[in-house]
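Got the viewer open? Here's a short walk through the model, one selection at a time.

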Amino acid sequence: MDQIIRLKEVSKKFQLFWEDIIIFDKIDFEIDRNELVLFYGPSGSGKTTLLNLITGLLLPDEGEIQVGGLFLDLIPEKDKADFRSNYLGIVFQENNLVSTLTVTENIVLFQELCEFKSDNQQESINELLIKLGIDHRKDSFPAQLSGGEKKRVAIARALSINPYVLILDEPTGNLDRESAAELCNLVKELFLTTDITIIVSSHDQKMNKIATKIFKVGEKKVQLEEEYPERRKSEEIEYRTIGSLEGAPKDPLFDEELMPEEE
């Protein structure tokens, strides 16, 4: 498979008063194209820091970070911003929706900030909202949305620029059990029906059931714990783009709905 992300001997520390807090010490790993990768670990283990390194929002103190053929530690800040706008769809823990704008307006604003051009912008946004099950909320304001709906809007916004990589930081962290299960199913569907590489940081056990690679984050290391090559998408199937999820092939390994377990 084609390699899309590579970290080589990456170290990162933060300074707290006079003390250096080491977050990562010479970590190495690779992510291939069209994978669904899970980073898990307890709060404070460095999951968000790791995602910020992968997206270029943080620089390593040592080592190399390569994403899509670019060495993020070597390119200028402006080029990194352009890279994020054209290559990555990022969904932070906080949804960061503009409270005075509707769902559609939030997505339009994001596309404008990313300088993303579309010949049929409104149609493509409506189609995306339908696929994510929130088209009935297109004219609603963030205050009128549930937690699960806000997260879906944040994902729709990230997907609206047709990224190569979708990054989700604790996507189910603030959701109730049912909404979290629904979101896991949405991530599963996106993985199976598009050619996007998906990276998730989470401690939600349901994510373990759909990931192709599972990394444990903690104790200054990132270690590959489980790998499921049988979960990777078949190269014989032609996958759809974001705008045409409906009717895309399903993988029999993932037929089970990830609903919350009974108490």
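Let's start in a loop: is S140 buried or exposed? S140 counts as buried, because its relative accessibility is 10% (buried means under 20% relative accessible area, exposed over 50%, partly exposed in between, with a 1.4 Å probe and protein chains only). You'll find S140 in the loop between α4 and α5; helices (H or I, at least four residues) and strands (E, at least two) are DSSP runs, numbered from the N terminus. Leaving out residues up to four places away in sequence, S140 touches L101, T102, V103 and L145, where contact means heavy atoms within 4.5 Å.

Before you click on, two notes. This is a predicted model, in which local features need pLDDT of at least 70 and side-chain atom pairs count only at pLDDT 80 or more, while totals for chains, interfaces and linings use all residues. Residues are numbered from 1 along each chain as its sequence is written, and side-chain values use heavy atoms, with hydrogens and water left out.

**Zoom out**

Show the whole protein chain as a cartoon: it has 6 helices and 10 strands. Of its 263 residues, 49% are buried. Take the contacts between residues at least 6 apart in sequence, and 69% of them join residues at least 24 apart.

**Select α4, residues 121–131**

Its buried residues are I125, L128, L129 and K131. They sit on the same side of α4, because they cover an arc of only 160 degrees around the axis (the arc is that of the directions from the helix axis to the C-beta atoms). Now add α3 (103–113) and α5 (147–159), which are among what covers those buried residues. Just after α4, stop at G133, which takes a positive phi of about 75 degrees.

**Select the open sheet**

Its 6 strands come in the order β6-β7-β8-β3-β9-β10, with mixed pairing; two strands pair if DSSP finds at least two bridges between them. At the edges stand β6 (88–91) and β10 (221–227), each with a single partner strand, so one side of each has no neighbour in the sheet. On average, neighbouring strands here are turned by 20 degrees against each other, direction ignored. (Axes are lines fitted to C-alpha atoms, for helices over the stretch in contact, and angles run from 0 to 180 degrees between N-to-C directions.)

Stay on β6: it runs parallel to β7 (residues 165–169), and 4 bridges join the two. For one of the pairs, pick L88, whose bridge partner in β7 is V165.

Then bring in α2 (residues 77–87), which packs on the sheet and touches β6 and β7, its direction making about 85 degrees with that of β6. The buried residues of α2 are K80, F83, R84, S85 and Y87. Their cover includes β1 (3–16), β4 (62–67) and β5 (70–71), along with β6 and β7.

**Select T194**

This residue lies in the loop between α6 (177–193) and β8 (197–201). T194 counts as buried, because its relative accessibility is 1%. What does its side chain reach? One target is the backbone oxygen of L190, at 2.7 Å; another is the backbone nitrogen of I196, at 3.2 Å. For a longer hop, draw a C-alpha to C-alpha line from T194 to K233: they are 39 residues apart in sequence and 9.7 Å apart in space.

**Last stop: cysteines**

Select C114, buried because its relative accessibility is 11%, and C184, buried because its value is 0%. Across the whole structure, a search finds 0 disulfides (pairs of cysteine sulfur atoms within 2.5 Å).

How values were computed: A polar contact is a pair of N or O atoms within 3.5 Å; within protein, one must be able to donate a hydrogen and the other to accept it, and residues adjacent in sequence count only if both atoms are side-chain atoms.
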